[in-house]
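Me: I am new to this structure. Please give me a close look at one topic, salt bridges, and then carry on from there to whatever else helps me find my way.

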Amino acid sequence: MKVGDLEVLPIVDGTGREQAREVLSAPGGGDRWACHPEHLDADGNLELTLGGFLLRTGDRVVLVDAGVGRIHNDHYAGGGFLDALDAHGVAPGDVTDVVFTHLHFDHVGWATSKGQVVFDRATYRVHAADWAHFVEAADADPGAVRKLAPLRERLATFDAEHTVAPGLDARPTPGHTPGSTSYVVSSHGERALLIGDVAHSVVELEEPDWEAVFDVDPVAARAMRNRIADEVADTDDLVVPAHLPGLAVGRIVTFGDRRRVVIS
Ligand SMILES: [Zn+2]
């Protein structure tokens, strides 16, 4: 995707699959998925593409999220991330910054491998609230701690909106996780909002009352999702959730009081 002079490239690692009715639903019951069959496969699964995005700006080579890693189970399969980067002429040592939208496993898969930092010259940037929740907390998941603790020496945490690199701003958008952060790419008046898992699917951006079981604070997550959707609706801003099939991007348009996502 082009944003002014900048190019944001999807880096596909693999795919995930979740039973849509188990993970995304509206309060109050009823089968609201019946209105959105085009997003489901024959077994009612929602497909999630896993990976991240590559942005070169100035002398920086930035990754936004780092895929799911070498996982193969019933739901998730990764492994293509480094090859996808290589196809764009980027070796792990070329990456200057890895910025995380949040620290769920499917966004940090290639942060480390077997206890070693993968992008060994990069600074790893994450909101302090996510580092506290996923790594420092007494009840943190041991698997997440094992995966992320080696980053300590290359870590830069933040707790407020700021410019990361020319044309790349970090904006805390908590709810999905305590430190969930969106990254705003801007150039020559054009913008793309890389929102991570503020929304997992097109449907969450279209249906203002839906909830995701993955949201740490579902009420805050829903409010943030709606705030961002309203901000970009009927503008040329691109909205870029982390998991749309094929890492697609879209724009939001309104018809009366309904929002629709138009895939670009
Ligand atoms: Zn995710």
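Reply:
**Salt bridges and their surroundings**

There are 16 salt bridges in the structure, a salt bridge being a side-chain nitrogen of Lys or Arg within 4 Å of a carboxyl oxygen of Asp or Glu. The model is a predicted one, in which local features need pLDDT of at least 70 and side-chain atom pairs count only at pLDDT 80 or more, while totals for chains, interfaces and linings use all residues. Residues are numbered from 1 along each chain as its sequence is written, and side-chain values use heavy atoms, with hydrogens and water left out.

A good place to begin is Asp97, whose side chain meets that of Arg60 in a salt bridge with N to O at 2.8 Å. This pair links distant parts of the chain, with Asp97 in strand E7 (residues 97–99) and Arg60 in strand E5 (residues 60–64), 37 residues apart. Strands (E, at least two residues) and helices (H or I, at least four) are DSSP runs, numbered from the N terminus. Both Asp97 and Arg60 are buried; that word stands for under 20% relative accessible area, exposed for over 50%, and partly exposed for what lies in between (1.4 Å probe, protein chains only).

Asp97 also forms a salt bridge with Arg125, and here the closest N and O atoms are 2.8 Å apart. Because Asp97 sits in strand E7 and Arg125 in strand E10, this second pair ties together parts 28 residues apart in sequence. Asp97 counts as buried, at 1% relative accessibility, whereas Arg125 is partly exposed at 21%.

Now follow the chain to Glu231, which meets Arg171 in a salt bridge (3.0 Å, N to O). Glu231 belongs to helix H6 (residues 218–232) and Arg171 to strand E13 (residues 168–172), so the two tie together parts that are 60 residues apart in sequence. Of these partners, Glu231 is partly exposed, with a relative accessible area of 31%, and Arg171 is buried, with 18%. Elsewhere, Arg32, Glu207, Asp209 and Arg258 are joined into one network by salt bridges that share partners.

Charged side chains are also worth following to the zinc ion. Its protein donors are Asp106 (OD), His107 (NE2), Asp197 (OD) and His243 (NE2), lying 2.1 to 2.2 Å from the ion. Donors here are N, O and S atoms within 2.8 Å of the metal (3.2 Å for Na, K and Ca), and since water is not among the atoms, sites may look incomplete. Along the sequence, the donor residues follow the spacing D-H-x89-D-x45-H. Two of the donor residues can be placed by accessibility: Asp106 counts as buried at 7%, and His107 counts as buried at 1%.

Finally, look at two loop residues. Lys114, in the loop between strand E8 (112–113) and E9, has a phi near 55°, a positive value in a residue other than glycine. At 78% relative accessibility, Lys114 counts as exposed. His188 lies in the loop between strand E14 (181–187) and strand E15 (190–196). The phi of His188 is positive too, about 50°, although the residue is not a glycine. With a relative accessible area of 64%, His188 is exposed.
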